[in-house]
Amino acid sequence: MSKLIQCSFCTEKLLEGQEGLKLKGHYICQRCERKIINSTPQDKSYFLLKEKIKNIWVVR
Ligand SMILES: [Zn+2]
């Protein structure tokens with residue numbers, strides 16, 4: 001049985017193994033994954049996304 005996990009970006013619930021991206025124990029749903037891939041430095045959300053990625057990548 002698949003377990004419900006939470007996207008580290010938008011906190012949306014998703015099924016483990018069904019979709020999304022696993023990264024250092026964090027999950028990112030497909031929607032956020034696409035947002036990250038498609039964002040450019042010209043986008044308003046780019047800076048915010050970058051900050052969130054940094055928070056996930058940096059091990060505290
Ligand atoms: Zn998400």
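Confidence varies along this predicted model. Among its elements, strand S3 (residues 21–23) has the lowest mean pLDDT, 79. S1 has the highest, 89. For the protein as a whole the mean pLDDT is 83. A value of 70 or more is reached by 97% of the residues.

Next, the layout. The protein has two helices and four strands. Along the sequence they follow the pattern β-β-β-β-α-α. The C-alpha atoms fill a box of roughly 40 × 25 × 15 Å along the principal axes. Of the 60 residues, 12% count as buried. Contacts across long stretches of sequence can be counted too. Take the contacts between residues at least 6 apart in sequence: 12% of them join residues at least 24 apart.

Now the core. Nonpolar side chains in soluble globular proteins tend to be buried together. Here the largest nonpolar core has five residues: Cys7, Phe9, Tyr27, Ile28 and Cys29. Cys29 is a good place to start tracing contacts. Beyond its neighbours within four places in sequence, Cys29 is in contact with Cys7, Cys10, Glu12, Leu14, Glu19 and Gly20. One of these, Cys7, is a fellow member of the core.

Follow the contact from Cys29 to Gly20. Gly20 sits in the loop between S2 and S3. Is this loop residue buried or exposed? Gly20 has 22 C-beta neighbours inside 10 Å, so it counts as buried. Setting aside residues up to four places away in sequence, Gly20 touches Cys7, Leu14, Tyr27, Ile28, Cys29, Gln30 and Glu33. Cys7, Tyr27, Ile28 and Cys29 belong to the core. Lys50 is another matter. Gly20 and Lys50 are 30 residues apart in sequence, and their C-alpha atoms are 18 Å apart.

Thr11 occupies another loop, the one between strand S1 (4–6) and strand S2 (13–15). Its phi is near 60 degrees, a positive value in a residue other than glycine. How many other C-beta atoms lie within 10 Å of Thr11? There are 8, so Thr11 is exposed.

The last stop is helix H2 (residues 44–57), where Ser45 is found. Ser45 has 13 C-beta neighbours inside 10 Å and therefore counts as partly exposed. Lys35 lies 10 residues from Ser45 along the chain. The C-alpha atoms of Ser45 and Lys35 are separated by 9.0 Å.

Methods. Residues numbered from 1 in each chain as written. Predicted model: local features only at pLDDT ≥ 70, side-chain atom pairs only at ≥ 80, totals over all residues. Core = buried A, V, L, I, M, F, W, Y, C linked by C-beta atoms within 7 Å. Buried ≥ 20, exposed ≤ 12 C-beta atoms within 10 Å, placed from the backbone. Contact = placed C-beta atoms within 7 Å. pLDDT = per-residue confidence, 0-100.
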